[in-house]
Amino acid sequence: MGSLVGSSALQQTVYEGMGPIPHENGVAFRLWAPHADSVSIVGTFNDWDPKSMPMQAEDHGQWYINVPKAKPGDEYRYVLKIGDQEVSRMDPRAREVTSSVGNSVIHHTDFDWGEDNYQLPPWNEVVLYEMHLGTFNRSDEDTVGTFRDAIKRLDHLVNLGVNVVQLMPLAEFAGDLSWGYNPAQIFAVESGYGGPRGFKRFVKAAHERGIGVIQDVVYNHFGPSDLDIWQFDLWNENDKGGIYFYNDWRSKTPWGDTRPDYGRGEVRQFIYDNAMMWINDYHVDGLRYDMTLYMRSVDGQSDLPEGWSLTQWINHDIRTAKPGTLLIAEDLQTNAYLTKDAAEGGAHFSSQWCAEFVHPVRDVAKQPSDDGRDLDKLISAITFRYNIDAFERVVYTESHDEVANGKSRLPSEINPEQPDDGYARHRSTLAAGIMMTTPGIPMLFQGQEFLQDGWFQDTDPLDWDRKEEFPGVVMLYRDMIHARRNMSGVTKGLTGQHVHVYHRNDACKLIAYQRWCDHGRGDDVVVVVNFSNQALENYSVGFPSGGTWKLRLNSAAPVYNATFVSSTVAELTPEEASMDGMTHTGTLSISPYSMLIYSQDPTA
């Protein structure tokens with residue numbers, strides 16, 4: 001566990017690691033404070049006496065002490081002396097804190113993971129669900145949601161067909177209400193949510209239900225509020241942040257002057273170790289990096305090569321140690337190199353949020369008039385890809401950013417006065433249907449499946465009564481997800497790389513596209529989208545083959561409590577007549593603002 005130092009008369013084990021290091025005979029502590037003249041540790045184990053436990057200076061500005069009396073659950077802080085000044089600091093690597101302005105807490109390392117050997121499904125079978133712990137489910141309107149509360153709703157996600165949750169940031173932040181993108185203590189799990197043990201229970205419960213967990217991390221800035229590492233050992237330049245931060249023009253971010261110094265070895269290790277902590281200690285199945293644009297550049301233009309190389313290092317090591325881990329970037333600048341391998345100069349991410357999908361699809365859906373619906377935008381959104389692999393992009397119509405900051409949930413964008421009327425329901429679910437039938441990793445935002453309206457705020461919990469109010473919409477999302485995951489074995493093409501938009505009618509605002517993995521019965525899928533307010537009867541489109549094609553999903557079916565219901569064709573046998581570059585022609589009917597999915601039964 002550590003190396004031995006000292007004379008033969010008295011040998012002392014020096015434990016490796018940084019921050020609190022629990023071991024069988026107590027707890028060791030190591031702190032980086034290169035400008036301190038002396039450091040001592042205070043806590044419940046020494047009656048907070050700053051004179052009783054001075055730490056030993058080590059190389060590279062580190063300070064160390066082993067405290068046999070210390071144990072998990074004890075609170076502690078460091079007292080740093082710099083010249084004639086003295087400051088009290090929390091442990092930057094504490095896994096648990098009493099609050100963002102309280103004390104560090106020695107974490108419990110023991111946890112019964114049981115038989116947890118969960119593995120993510122292949123990325124082409126993943127359906128993501130972005131979740132904000134504080135608002136997802138609250139047992140009490142006056143308190144934030146907790147891990148315990150969230151566990152109670154996991155079966156809802158199972159029934160929906162979601163198989164991976166993407167959690168908004170959980171690192172300790174100022175106060176109890178936050179989106180999480182203002183991390184004060186990046187190693188500590190938010191105390192208001194239930195702390196580190198609560199998070200482990202959540203991950204274990206999710207895995208037991210076949211649900212993976214992706215953790216959102218914030219490395220483009222820290223804080224800025226309750227930021228205990230600011231001028232940590234009092235050194236700084238230009239009145240900037242000190243040892244953990246850039247101390248020149250590179251410190252500036254849209255959220256304050258708090259960009260970490262990606263070029264400093266100790267800070268790089270700090271961030272690297274944090275990423276590894278989520279993967280190794282909490283068994284999460286991937287990471288989503290917040291706005292990597294501000295890791296790889298100062299302002300979107302002035303590059304930070306050391307930020308790029310940091311992501312390369314972390315991602316390479318995670319993917320080497322744990323292949324299949326899903327690493328997602330939010331960059332939104334259509335940069336194909338994010339998902340290329342480091343050997344090609346890429347940042348080695350698995351996938352990235354796709355602005356080339358969400359913005360045009362939302363635009364098409366919320367146009368007040370059908371005349372304004374641009375099929376070029378829609379087709380481009382469906383067919384866009386960064387590199388060869390279509391699953392290098394995450395496609396979505398709602399996210400925490402897209403439904404806040406002056407924007408709303410898609411039903412509310414479509415009809416602010418009546419976001420649950422027929423037009424808002426049909427067009428928002430049609431946009432979601434396009435998401436589910438487009439190559440890429442689809443992602444829902446919490447509550448989207450029951451038409452949550454308005455905009456996202458950390459003060460407002462999800463209204464779970466809407467699940468009972470809109471059962472048809474919930475069922476529609478369930479059936480779209482099931483089709484996307486090929487859970488009935490007849491829509492394999494929706495998990496495939498390939499798409500071909502082969503039919504387009506600008507006057508009727510209708511398109512048809514083919515999806516496939518390898519071609520053939522049970523694989524080839526035909527998707528027909530009507531983005532107009534007119535039903536189309538006896539409408540002909542091309543089909544890739546003859547034989548019986550069955551309607552697998554009609555988003556305007558009465559079972560979904562649809563408003564605009566017209567006749568449909570449950571089974572059709574295309575005739576051998578070429579159309580749209582296809583060998584056969586099929587005739588169908590489609591309701592306003594709706595989608596049809598056809599496929600063939602697999603060969604017995």
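Contact here means heavy atoms within 4.5 Å. With that in hand, the packing of two helices can be followed in this predicted model. Helix α5 spans residues 265-281 and helix α7 spans residues 305-321. Two packed helices are described by the angle between their axes and the distance between the axes. For α5 and α7, the angle is about 30° and the axes lie 10 Å apart. The crossing of α5 past α7 is right-handed. On the α5 side, the residues that take part are Arg268, Gln269, Ile271, Tyr272, Ala275, Met276 and Ile279. They meet Glu306, Ser309, Leu310, Trp313, Ile314, Asp317 and Ile318 of α7. Sorted by character, the residues of this contact comprise 9 nonpolar, 2 polar and 3 charged.

Helix α4 offers a view of a single helix. Its 14 residues, 195-208, reach 20 Å from the first C-alpha to the last, close to the 20 Å expected at 1.5 Å a residue. Most of α4 is covered, with 11 of the 14 residues buried. Among the buried residues of α4 are Phe199, Phe202 and Val203, and also Lys200, Lys204 and His207. Gly195, Pro196 and Gly198 are buried too, as are Ala205 and Ala206. After α4 comes Gly210, whose phi is positive, near 80°.

Another helix, α8, covers residues 355-366 and includes Ala365. Ala365 counts as buried because its relative accessibility is 0%. Which residues does Ala365 contact, leaving aside its neighbours within four places in sequence? They are Arg373, Leu410, Ile414, Arg427, Ala431 and Phe531. Ala365 can also be placed relative to Tyr423: the two are 58 residues apart in sequence, and their C-alpha atoms are 9.9 Å apart in space.

Finally, the cysteines can be considered. A disulfide requires a pair of cysteine sulfur atoms within 2.5 Å, and by this rule the count comes to 0. Why is Cys354 not bonded to Cys517? The closest cysteine sulfur to that of Cys354 is in Cys517, and the two cannot bond because 20 Å is too far. Seen from the other side, Cys517 is in no disulfide, and the nearest cysteine sulfur, that of Cys354, is 20 Å away. Both residues are nevertheless covered: Cys354 is buried, with a relative accessible area of 0%, and Cys517 is buried, with a relative accessible area of 18%. The value for Cys517 is 18%, so this residue falls under the 20% cut-off for burial.

Technical notes: Residues are numbered from 1 along each chain as its sequence is written. This is a predicted model: local features need pLDDT of at least 70, side-chain atom pairs count only at pLDDT 80 or more; totals for chains, interfaces and linings use all residues. Side-chain values use heavy atoms; hydrogens and water are left out. Helices (H or I, at least four residues) and strands (E, at least two) are DSSP runs, numbered from the N terminus. The expected span of a helix is 1.5 Å times one less than its number of residues. Buried means under 20% relative accessible area, exposed over 50%, partly exposed in between (1.4 Å probe, protein chains only). Axes are lines fitted to C-alpha atoms, for helices over the stretch in contact, and angles run from 0 to 180 degrees between N-to-C directions. A crossing is left-handed if the near helix is turned anticlockwise from the far one by less than a right angle, and right-handed if clockwise. Ala, Val, Leu, Ile, Met, Phe, Trp, Tyr, Cys and Pro count as nonpolar, Asp, Glu, Lys and Arg as charged, and the others, Gly among them, as polar.
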